[in-house]
Amino acid sequence: MSAVSRKPKTFKLRALHGPQKFGVAGSSCQDVLRKGCLHLQLPVAGSRLCLYEDGTELTEDDFWSVPDGSELVLLTAGQTWQGYVSDIRRFLSAFHKPHEGLIQAARQLLSDEQAPLRQKLLADLLHTVSENIAAETRAEDPPWFEGLESRFRTKSGYLRYSCESRIRSYLREVSSYASVVSVEAQEEYSRIVAVMGRELRAAQYHGTYFDRGAKAGRRLCTPEGWFCCQGPFDVDACASKHSINPYGNRESRVLFSTWNLDHIIEKKRTVVPTLAEAVTARDGREVAWEYFYDLLFTSENLKLVHIACHKKTTHKLSCDPRRLYRPRSKPKRRWPARRGR
């Protein structure tokens with residue numbers, strides 16, 4: 001079939017950075033370019049058409065091989081287009097100061113987008129740019145507090161409480177294990193648990209781990225509230241680069257509750273049973289409760305991990321047998337009394 005007798009091809013066309021698209025049909029690349037320039041009131045001279053997908057310039061040679069309905073961007077002299085990532089880069093450059101027009105443009109792009117990957121990129125982008133990260137109080141960001149008790153007045157206050165609740169639950173597990181300990185060792189086991197409880201209260205149950213207002217070294221996030229996944233127990237870092245800011249919006253706050261404070265040396269399978277065994281077999285020695293405290297309740301043995309990085313397989317790691325008890329104190333050497341001359 002000759003080019004003359006072919007049915008005109010149809011495209012979706014828009015200007016650079018213009019979210020509004022319109023349909024255009026033509027029997028040649030030049031025909032589509034001319035109609036597009038007329039509609040957008042742009043000069044034909046120096047203008048060209050590019051595929052929205054990857055920025056490839058449309059020519060007469062490949063005009064008929066491009067599928068009907070493809071999206072094109074009309075560029076004038078001096079303009080460039082690198083594919084749909086150009087839209088994303090444009091939004092990212094405005095992240096430091098998002099505004100309503102930006103959010104509206106993102107929503108327009110998302111409503112017209114069909115490709116799953118681009119839908120995901122645009123949805124994530126819109127989710128992030130709509131966040132109210134800087135806001136801290138209930139008055140500044142009411143939607144963030146939806147579903148929470150009225151006693152929570154700040155984001156940091158609630159997230160501190162969230163972390164404290166996790167640590168408290170660990171203490172309850174350790175305490176409940178007393179029923180498994182031999183009768184003769186139960187009193188000492190309970191005494192050690194009580195000591196740990198007092199230490200935790202003094203440390204406010206390490207709620208600062210989730211508090212962006214806490215001092216560096218006492219929190220697991222940036223001053224803005226960004227948390228990074230620390231990866232599974234058996235690796236040094238998260239290969240997927242998971243990150244989240246639960247201070248941004250309600251959805252992020254809820255999703256953050258699925259992240260785990262995972263014990264590298266397992267709490268139930270290893271640390272608590274080893275503590276019980278150490279108490280039972282102490283034979284006059286003093287159990288080094290501080291070592292167990294760090295393994296159970298602090299970042300020395302806790303990793304913050306995205307749910308996908310939380311491996312529930314047996315870790316097969318043991319407590320350090322050299323650190324279960326305090327070193328025995330050596331008796332002071334007595335020197336013989338000096339004789340008078």
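Me: How many salt bridges come out by the rule, and what is a salt bridge?
Reply: The count comes to 18 salt bridges. The term stands for a side-chain nitrogen of Lys or Arg within 4 Å of a carboxyl oxygen of Asp or Glu. This is a predicted model, in which local features need pLDDT of at least 70 and side-chain atom pairs count only at pLDDT 80 or more, whereas totals for chains, interfaces and linings use all residues. Residues are numbered from 1 along each chain as its sequence is written, and side-chain values use heavy atoms, with hydrogens and water left out.

Me: Why is the pair of Glu-57 and Arg-48 called a salt bridge?
Reply: The closest N and O atoms of Glu-57 and Arg-48 are 3.9 Å apart. That value is within 4 Å, so the pair qualifies. Glu-57 has a relative accessibility of 41% and is partly exposed, and Arg-48, at 23%, is also partly exposed. These words rest on relative accessible area, taken with a 1.4 Å probe and protein chains only: buried means under 20%, exposed over 50%, and partly exposed in between.

Me: What makes Glu-188 buried, and what is Arg-191 called?
Reply: Glu-188 has a relative accessible area of 17%, which is under 20%, so the residue counts as buried. Its salt-bridge partner is Arg-191, with closest N and O atoms 2.8 Å apart. The two are 3 residues apart in helix H6 (residues 183–202), about one helical turn. Helices (H or I, at least four residues) and strands (E, at least two) are DSSP runs, numbered from the N terminus. Arg-191, at 41%, is partly exposed.

Me: How do you know that Asp-234 and Lys-311 form a salt bridge, and what does the pair tie together?
Reply: Their closest N and O atoms are 3.0 Å apart, so the cut-off for a salt bridge is met. Asp-234 lies in the loop between strand S5 (227–228) and strand S6 (243–244), and Lys-311 in the segment after strand S8 (302–305), so the pair ties together parts that are 77 residues apart in sequence. Asp-234, at 43%, is partly exposed, as is Lys-311, at 34%. Elsewhere, Arg-14, Lys-21 and Glu-71 are joined into one network by salt bridges that share partners.

Me: Why are H5 and H6 called roughly antiparallel?
Reply: The axes of H5 and H6 come within 10 Å and cross at roughly 170°. Axes are lines fitted to C-alpha atoms, for helices over the stretch in contact, with angles from 0 to 180 degrees between N-to-C directions. Angles under 35 degrees count as roughly parallel, over 145 as roughly antiparallel, 65 to 115 as roughly perpendicular and the rest as oblique, so H5 is roughly antiparallel to H6. The contact (heavy atoms within 4.5 Å) involves Ile-167, Leu-171, Val-174 and Ser-175 of H5, and Tyr-189, Val-193, Gly-197 and Leu-200 of H6.

Me: What makes Phe-210 buried, and which residues does Phe-210 touch?
Reply: Phe-210 has 0% relative accessibility, which is under 20%, so the residue counts as buried. Phe-210 lies in the loop between H6 and S5. Not counting residues up to four places away in sequence, Phe-210 touches residues including Leu-159, Phe-227, Tyr-247 and Leu-304. Phe-210 and Pro-246 are 36 residues apart in sequence, with their C-alpha atoms 9.5 Å apart.
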